[in-house]
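Me: Please take a close look at one buried part of this model and follow the contacts outward from there. A single connected account would be best.

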Amino acid sequence: RARSAGAFEAVVAAMDTHPLVEDVQYTACAALGNMTAGSVQNRTRARSVGAVEAVVVAMVAHPLSVLLQRAACAALGHMSDGNVQNRTRMGNAGAVGALNAALASIQGTTAEDLTARDAARTLLLRLAPP
């Protein structure tokens with residue numbers, strides 16, 4: 001339903017319109033993660049509207065936001081699950097650098113910090129060449 005209702009376009013448009021508003025970026029990353037979890041068609045739709053790139057841009061713009069980094073890692077994880085084209089897009093968009101920056105900047109020991117770092121490491125392994 002989200003695919004046909006224009007939800008992906010609306011989320012990416014909000015991200016593009018408000019790149020420095022952390023709450024918008026966090027909420028958008030969380031929404032993209034939810035919409036792409038378990039749906040091959042939604043992963044393809046996300047790629048076609050630039051969601052992969054939008055999530056990477058959000059990570060770069062807000063490197064110290066643990067919640068955003070965690071939501072972004074989840075979104076990228078769902079979008080890359082079984083989808084080589086999305087993984088390629090992530091690499092081209094600079095996801096590896098954004099993930100490494102997230103790992104370097106998230107230094108806390110809270111559960112959120114540990115979860116965010118674990119998600120980033122997992123995604124880096126997924127994006128590594130065979």
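Reply: Val52 lies in helix H4, in what is a predicted model. With a relative accessibility of 0%, Val52 falls under the 20% limit and therefore counts as buried. Beyond its sequence neighbours up to four places away, Val52 touches Ala46, Arg47, Leu76, Met79, Asn86, Arg89 and Met90. One of these, Leu76, is 24 residues from Val52 in sequence, yet the two C-alpha atoms are 6.9 Å apart in space.

Asn86, another residue in that list, is part of helix H6. Asn86 also has a relative accessibility of 0%, so it counts as buried. Setting aside neighbours within four places in sequence, the contacts of Asn86 are Arg43, Arg47, Val52, Met79 and Ser80. Arg47 stands 39 residues from Asn86 along the chain, with 6.4 Å between their C-alpha atoms. The two side chains make a polar contact at 2.9 Å. Arg47 is thus named among the contacts of Val52 and among those of Asn86, as is Met79.

The helix that carries Asn86 can be described at both ends. Asn83 caps the N-terminal end of H6, which spans residues 84-93. In this cap, a side-chain oxygen of Asn83 lies 3.3 Å from the backbone nitrogen of Gln85. After H6 comes Gly94, which has a positive phi, near 90 degrees.

Arg43, a contact of Asn86, is found in helix H3, residues 40-48. Its relative accessibility is 7%, and because this is under 20%, Arg43 counts as buried. Apart from residues up to four places away in sequence, Arg43 touches Thr36, Ala37, Gly38, His78, Met79, Asp81, Asn83 and Asn86. The list includes the capping residue Asn83. It also includes Gly38, which lies in the loop between H2 and H3. At 71% relative accessibility, over the 50% limit, Gly38 counts as exposed. Arg43, a buried residue, is therefore in contact with an exposed one. Gly38 is 14 residues from Val24 in sequence, and their C-alpha atoms are 24 Å apart.

On the H5 side, Ser80 is in contact with Asn86 and lies in helix H5. Ser80 is buried, its relative accessible area being 0%. A polar atom of the Ser80 side chain lies 3.1 Å from the backbone oxygen of Gly77. Not counting residues up to four places away in sequence, Ser80 touches Asn86, Arg87, Met90, Leu123 and Arg126. Met90 is also in the contact list of Val52.

Leu76 and Met79, both touched by Val52, belong to the largest nonpolar core, which has 36 residues. They are among the members that touch the most other members, together with Met15, Leu32, Val55, Met59 and Leu99. Helices H1 (7-17), H2 (22-36), H4, H5 (66-80), H7 and H8 (111-127) each give two or more residues to this core. H5 provides the largest share, eight residues.

Met15, one of those well-connected members, touches Gln25, Ala28, Cys29, Leu32, Ala54, Val55 and Ala58, leaving out residues up to four places away in sequence. Leu32 and Val55 are themselves among the members of the core with the most contacts to other members. Ala14 lies in helix H1. With a relative accessible area of 28%, between the 20% and 50% limits, Ala14 is partly exposed. Leaving aside neighbours within four places in sequence, its contacts are Val24 and Gln25. Gln25 is thus touched by Ala14 and by Met15. Between the C-alpha atoms of Ala14 and Arg121, 107 residues apart along the chain, the separation is 28 Å.

H4, the helix of Val52, also meets helix H7. The axes of H4 (residues 51-61) and H7 (residues 95-105) come within 9 Å and cross at roughly 35 degrees. This crossing is left-handed. Val56, Met59 and Val60 of H4 make the contact with Ala95, Ala98, Leu99 and Ala102 of H7. By class, these residues are seven nonpolar, no polar and no charged. Met59 and Leu99 appear both in this helix contact and among the core members that touch the most others.

How values were computed. Residues numbered from 1 in each chain as written. Predicted model: local features only at pLDDT ≥ 70, side-chain atom pairs only at ≥ 80, totals over all residues. Heavy atoms only, no water. Polar contact = N/O pair within 3.5 Å; in protein donor to acceptor, adjacent residues only side chain to side chain. Helix = DSSP H or I, 4+ residues; strand = E, 2+ residues; numbered from the N terminus. Axes fitted to C-alpha atoms, helices over the stretch in contact; angles between N-to-C directions. Left-handed = near helix turned anticlockwise from the far one by under 90°. Contact = heavy atoms within 4.5 Å. Nonpolar A, V, L, I, M, F, W, Y, C, P; charged D, E, K, R; others polar. Core = buried A, V, L, I, M, F, W, Y, C linked by side-chain atoms within 4.5 Å. Buried < 20%, exposed > 50% of the residue type's maximum accessible area, 1.4 Å probe, protein only.
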